[in-house]
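Please walk through this protein from a single buried position outwards to its overall fold, its charged pairs, its aromatic rings and its surface.

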Amino acid sequence: MTEPERKFAIKLSPNVRLRMTFEREMLLDDDGTVFNDTLHQKYLEMHSRTLAKQEALLKTALLSDGLLALLLFGKNVTIPGTSIGFQDLPAAVEVLTVFASFSFMVLSLAFMNAQAYQAICEQFTIRLAAKKGIDPDFISSAYTSTELYIKLFRPKMNIFGEDFFVAGRGYKAFYSSLSVLLSMAMLSVLLLHMSVVGYGVWKSLAFNWISILFCLSVSLMNLAAILVNVAPSFDFTVKQEAPKQSD
């Protein structure tokens with residue numbers, strides 16, 4: 001009589017689910033014919049492309065937010081070579097509000113996509129580091145662009161094993177506070193974007209169908225952009241069975 005398959009539930013975010021799924025897929029490749037150095041390099045190239053796209057979209061999002069803020073809060077800046085001001089252009093606020101919202105949404109998607117590629121690339125280095133018991137972060141940072149300051153500020157530097165140098169209370173208190181401060185600063189940038197876009201919607205609000213469609217579109221784009229990277233964890237049923245190669 002065969003033993004019934006054991007299952008249990010675990011909470012996973014999309015990124016962690018991708019990491020664990022890719023790890024299971026790598027177990028199917030016993031001889032390393034698929035998940036080898038060649039494939040690793042291809043993933044690294046795709047990750048570089050996603051980072052370049054992310055940086056370009058970040059510049060576009062910052063520029064669109066800056067122009068919208070200048071239009072809403074600054075004095076009437078004239079177009080070079082003319083006496084026409086930006087505030088005199090028809091629907092300038094509406095156009096920039098939509099552009100800023102769309103730029104923010106595609107930037108959020110590009111960031112999520114870059115994180116997904118980085119998660120896949122890191123699984124290669126985790127498998128490589130496991131053979132020697134090395135912290136895989138030190139190998140991953142040589143292949144992919146990593147925010148090393150996050151690792152530097154952590155009270156426990158090596159989250160995969162034992163730390164060689166255990167941090168004291170002073171280090172933990174200072175750098176934990178600094179990490180919170182950096183998180184609040186990044187959050188303030190998001191709040192600035194939402195404030196500028198919200199003020200642009202309020203300035204353009206009118207009781208007609210095009211205005212309602214404009215407000216709805218802007219709201220949906222910004223809401224989707226935020227929810228994409230909130231990444232809450234949900235329950236998944238995990239099959240406690242080693243993956244097998246299909247016939």
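A residue is called buried when its relative accessible area is under 20%, exposed when that value is over 50%, and partly exposed in between. The model shown is a predicted one, and the accessibility classes used below are to be read with that in mind. With a relative accessible area of 8%, A61 falls under the 20% limit and therefore counts as buried. A61 is placed in helix α2, and, once neighbours within four places in sequence are set aside, A61 is in contact with S103 and L107. A further relation across the chain is that between A61 and H193, which are 132 residues apart in sequence, while their C-alpha atoms are separated by 9.3 Å.

The overall fold gives these relations a frame. The protein has 7 helices and 2 strands, and along the sequence they follow the pattern β-α-α-α-α-α-α-α-β. Among the contacts with a separation of 6 or more, 70% are made by residues 24 or more positions apart. Of the 247 residues in the protein, 27% are buried, and the accessible surface comes to about 17100 Å², with 66% of that area belonging to carbon and sulfur atoms.

The two strands offer a starting point for the charged pairs, of which the structure has 5 that count as salt bridges. In one of them the side chains of K11 and D235 meet, with 3.3 Å from N to O, and this pair links distant parts of the chain, since K11 lies in strand β1 (residues 7-12) and D235 in strand β2 (residues 234-239), 224 residues apart. Both K11 and D235 are exposed.

A second group of charged residues includes D137, whose side chain meets that of K151 in a salt bridge with 3.0 Å from N to O. Because D137 lies in helix α4 (residues 137-143) and K151 in helix α5, this pair ties together parts that are 14 residues apart in sequence. The relative accessibility of D137 is 18%, so D137 counts as buried, and K151, at 7%, counts as buried as well. D137 also forms a salt bridge with R154, at 3.5 Å from N to O, and here the link runs from helix α4 to the loop between α5 and α6, the two residues being 17 residues apart. R154, at 23% relative accessibility, counts as partly exposed. Salt bridges that share partners join D135, D137, K151 and R154 into one network. K151 has a further neighbour in F138, for K151 lies over the face of that ring, at 5.0 Å from the ring centre.

F138 leads on to the surface, where F138, Y149, I150, L152, M157 and L182 form a nonpolar patch with about 540 Å² of accessible area together. Which helix supplies the largest share of this nonpolar patch? Helix α5 (residues 148-153) does, with 3 residues. Y149 is placed in helix α5, and, at 39% relative accessibility, Y149 counts as partly exposed.

Y149 also belongs to an aromatic cluster, which Y149 forms together with F153, Y171, F174 and Y175. In the whole structure there are 11 aromatic pairs. One of them joins Y43 and F124, whose ring centres are 5.9 Å apart and whose planes stand at 50°, so that the pair is tilted. Since Y43 lies in helix α2 (residues 37-73) and F124 in helix α3 (residues 92-130), the pair ties together parts that are 81 residues apart in sequence. F124, at 7% relative accessibility, counts as buried.

The rings of Y171 and Y175 likewise make a tilted pair, because their planes are at 45°, with their centres 4.5 Å apart. Both residues lie in helix α6 (residues 169-204), where Y171 and Y175 are 4 residues apart, about one turn of the helix. Y171, with a relative accessible area of 34%, is partly exposed, and Y175, at 24%, also counts as partly exposed.

Technical notes: Residues are numbered from 1 along each chain as its sequence is written. This is a predicted model: local features need pLDDT of at least 70, side-chain atom pairs count only at pLDDT 80 or more; totals for chains, interfaces and linings use all residues. Side-chain values use heavy atoms; hydrogens and water are left out. Patches are made of residues with over 30% relative accessible area and no salt bridge: like charges are joined within 9 Å, nonpolar side chains (Val, Leu, Ile, Met, Phe, Trp, Tyr) within 5 Å. Accessible areas come from the Shrake-Rupley method with a 1.4 Å probe; for residues, only the protein chains shown count as cover. A salt bridge is a side-chain nitrogen of Lys or Arg within 4 Å of a carboxyl oxygen of Asp or Glu. Buried means under 20% relative accessible area, exposed over 50%, partly exposed in between (1.4 Å probe, protein chains only). Rings of Phe, Tyr and Trp (its six-membered ring) pair if their centres lie within 6.5 Å; planes under 30 degrees apart count as stacked, over 60 as edge-to-face and the rest as tilted. A charge sits over a ring if NZ of Lys or CZ of Arg is within 6 Å of the ring centre and within 35 degrees of the ring normal. Contact means heavy atoms within 4.5 Å.
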